[in-house]
Amino acid sequence: MDRPYFYKIRVEGLITEGLSDWFDGLAIRNEPSGETVLAGWIPDQAALFGVLGKIQALNLPLVSVSRESRAGKGTVV
């Protein structure tokens, strides 16, 4: 992965929006189901593994990771 991709990462549990900076500026959306979606551009695979490591450090179960084929300015988290 040599260029940025737009990712949506879903976890069980809630993450406060105050941790957005810790998650490299990813948007954080808590859902009524008790899951959280982290979304945004991730520059490379090393950065992706860094985000996944932070999720693991919070002991949050990973539900899914999806790389979107394209995301424009109008992309909603």
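**Note on the predicted model: strands, core and aromatic pairs**

1. Start with K54. Leaving aside neighbours within four places in sequence, K54 is in contact with W22, F23 and D24. The model is a predicted one. K54 itself lies in helix 1, residues 45–57. A polar atom of the K54 side chain lies 2.5 Å from the backbone oxygen of W22. Check that spot when you open the structure.

2. Next, the aromatic pairs. How many does a search of the whole structure find? The search finds 2. F6 and W41 form an edge-to-face pair, with 5.7 Å from centre to centre and 80° between the planes. This pair links distant parts of the chain: F6 sits in strand 1 (residues 5–12) and W41 in strand 3 (residues 35–42), 35 residues apart. F6 is buried, at 7% relative accessible area. W41 counts as partly exposed because its relative accessibility is 48%.

3. W22 and F23 also form an aromatic pair. Their rings are edge-to-face, 5.2 Å centre to centre, with 70° between the planes. Is F23 buried or exposed? F23 counts as buried because its relative accessibility is 0%. W22, at 36%, counts as partly exposed. Both residues appear among the contacts of K54.

4. One charged residue is placed over a ring. R67 lies over the face of Y5, at 3.8 Å from the ring centre. Y5 also has a bridge partner in strand 3, namely I42.

5. Now the strand pairings. Strand 1 and strand 3 pair in the antiparallel sense, over 8 bridges. Strand 1 also pairs with strand 4 (residues 62–68), again antiparallel, over 6 bridges. In that strand 4, L62 stands opposite V11. Strand 2 (residues 27–30) and strand 3 run antiparallel and are joined by 4 bridges. Here R29 stands opposite V37 of strand 3.

6. The connection between strand 2 and strand 3 deserves its own point. These two strands form a hairpin with 4 residues between them. Which residue in the turn has a positive phi? The residue is G34, with a phi of about 95°.

7. Then the core. The largest nonpolar core has 15 residues. Those with the most contacts inside it are I9, I15, F23, L38, I42, V51 and I55. Which elements give two or more residues to this core? They are strand 1, strand 3 and helix 1. F23 thus has two entries in this note: it is in the core list, and its ring pairs with that of W22.

8. V51 is one of the core residues with the most contacts. Outside its neighbours within four places in sequence, V51 is in contact with I9, F23, D24, L26 and I42. I9, F23 and I42 are also on the core list. D24 is a contact of K54 too.

9. Last, I28. This residue is found in strand 2. I28 counts as buried because its relative accessibility is 10%. Not counting residues up to four places away in sequence, I28 touches I15, T16, E17, L19, S20, F23, T36, V37 and L38. The C-alpha atoms of I28 and E17 are separated by 5.8 Å, although the two residues are 11 apart along the chain.

Technical notes: Residues are numbered from 1 along each chain as its sequence is written. Side-chain values use heavy atoms; hydrogens and water are left out. Rings of Phe, Tyr and Trp (its six-membered ring) pair if their centres lie within 6.5 Å; planes under 30 degrees apart count as stacked, over 60 as edge-to-face and the rest as tilted. Buried means under 20% relative accessible area, exposed over 50%, partly exposed in between (1.4 Å probe, protein chains only). A charge sits over a ring if NZ of Lys or CZ of Arg is within 6 Å of the ring centre and within 35 degrees of the ring normal. A polar contact is a pair of N or O atoms within 3.5 Å; within protein, one must be able to donate a hydrogen and the other to accept it, and residues adjacent in sequence count only if both atoms are side-chain atoms. Contact means heavy atoms within 4.5 Å. A nonpolar core is a set of buried Ala, Val, Leu, Ile, Met, Phe, Trp, Tyr and Cys residues joined through side-chain atoms within 4.5 Å. Two strands pair if DSSP finds at least two bridges between them.
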